[in-house]
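Please open the model in your viewer and keep the selection tool at hand. The stops below go from one selection to the next.

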Amino acid sequence: MGDQDRLRWDARYGAVGAAAPSPAPALPEVFCAHAARFPSAGEAMELACGTGASAVWMAERGMEVCAMDISPVALDRARQLADDHGVGHRCRFVLADLDRGLPTGPPAAVILCHMFRDPRLYAPMAARLAPGGLLAVAVLSEVGDRPGPFRAARGELGRAFGSLHFLAGDEGEGRAWLLAEKPLVHPPPPARPERDLRPEPFPGCPDPK
Ligand SMILES: C[S@@+](CC[C@H](N)C(=O)[O-])C[C@H]1O[C@@H](n2cnc3c(N)ncnc32)[C@H](O)[C@@H]1O
């Protein structure tokens, strides 16, 4: 599947032509109203980053970005976009076939995945988020559109990321999206020694039991 995906996506990106103007760095439109929630430092990870508009936006915001995709053509454009905007040193664009799972990496303050869906990645994505980290996911959905193998079923994102704190999201018109935060870990309170509530035995009396 990986080779087919790569060839298909390389052909699509190649058809646009390298001379075409690159998109400006920007979050996907669905997350724009929530841009202030994105941190301005720390590690960001983007899955299926395409030509890098969101990755470069996060790097411009101050994050260290690791963005991955299966298409070398898209990744070359993404690297060029990062260099053009002076943030190449904060971006790592990695060739990865996500059908093989999530590449290893440090805990992420943000995980962004826009218009790429693989339910096998949901649990690893939630696990990779650092405490307090932000998840931003948007996928094609069956809700308000036809069913299909690449589309999320109704409620899929809510169920998959139910361990996270819901911030915003919706599904309809063929799209589902979710913005959620991993709860901070609060250490359990120190164990208090249990008090012995039995009455003190009177001197000379048998211990009441
Ligand atoms: C619809 S595009 C979305 C690109 C980008 N996230 C955006 O919103 O502009 C889907 C992306 O997934 C990538 N992709 C498809 N299959 C993949 C795979 N198995 N592993 C990694 N990336 C893949 C494609 O190369 C393409 O860039």
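Begin by selecting Ala-67 and Phe-93, since the bridge partner of Ala-67 in β3 is Phe-93. Widen the selection to strand β2 (residues 64–69) and to β3, which run parallel and are joined by five bridges; helices (H or I, at least four residues) and strands (E, at least two) are DSSP runs, numbered from the N terminus. This is a predicted model, in which local features need pLDDT of at least 70 and side-chain atom pairs count only at pLDDT 80 or more, while totals for chains, interfaces and linings use all residues. Residues are numbered from 1 along each chain as its sequence is written.

Now show the whole sheet, an open one of seven strands in the order β3-β2-β1-β4-β5-β7-β6, with mixed pairing, where two strands pair if DSSP finds at least two bridges between them. At its edges stand β3 (91–95) and β6 (165–172), each with a single partner strand, so one side of each is left without a neighbour in the sheet. From one strand to the next the twist averages 10°, with angles running from 0 to 180 degrees between N-to-C directions and axes being lines fitted to C-alpha atoms, for helices over the stretch in contact.

Select strand β4 (residues 108–114) next, which is mostly covered, seven of its seven residues being buried; a residue is buried if 20 or more other C-beta atoms lie within 10 Å of its own, exposed if 12 or fewer, and partly exposed in between, with C-beta atoms placed from the backbone. Four bridges join β4 to strand β1 (residues 43–47), and these two strands run parallel; six bridges join β4 to strand β5 (residues 129–140), again a parallel pair. Val-110 of β4 is a useful centre for the view, as Ala-44 stands opposite Val-110 and the bridge partner of Val-110 in β5 is Leu-134.

Add helix α3 (residues 53–61), which lies across β1, β2, β3 and β4 and runs at about 170° to β2. Within α3, the residues Ser-54, Ala-55, Val-56, Trp-57, Met-58 and Ala-59 are buried, and what covers the buried residues of α3 includes β1, β2, α4, β3 and β4. Just after α3, look at Gly-62, which takes a positive phi of about 120°.

Turn to α1 and helix α4 (residues 72–84), whose axes come within 7 Å and cross at roughly 45°. The two helices are therefore oblique to each other, given that angles under 35 degrees count as roughly parallel, over 145 as roughly antiparallel, 65 to 115 as roughly perpendicular and the rest as oblique. Select Trp-9, Asp-10, Tyr-13 and Gly-14 of α1 together with Pro-72, Val-73, Ala-74 and Arg-77 of α4 to see the contact, for which C-beta atoms, placed from the backbone, must lie within 7 Å.

Which residues come nearest to the ligand? Of the 18 residues around the ligand, these are Trp-9, Ala-48, Gly-50, Ile-70 and Leu-98, a residue being near if its C-beta atom, placed from the backbone, lies within 6 Å. Helix α1 (residues 2–16) gives the most to this shell, with three residues.

End at His-34, in the loop between α2 (29–32) and β1. His-34 is partly exposed, with 14 other C-beta atoms within 10 Å. Not counting residues up to four places away in sequence, His-34 touches Ala-168 and Leu-179; His-34 and Leu-179 are 145 residues apart in sequence and 8.6 Å apart in space, C-alpha to C-alpha.

How values were computed. Contact = placed C-beta atoms within 7 Å.
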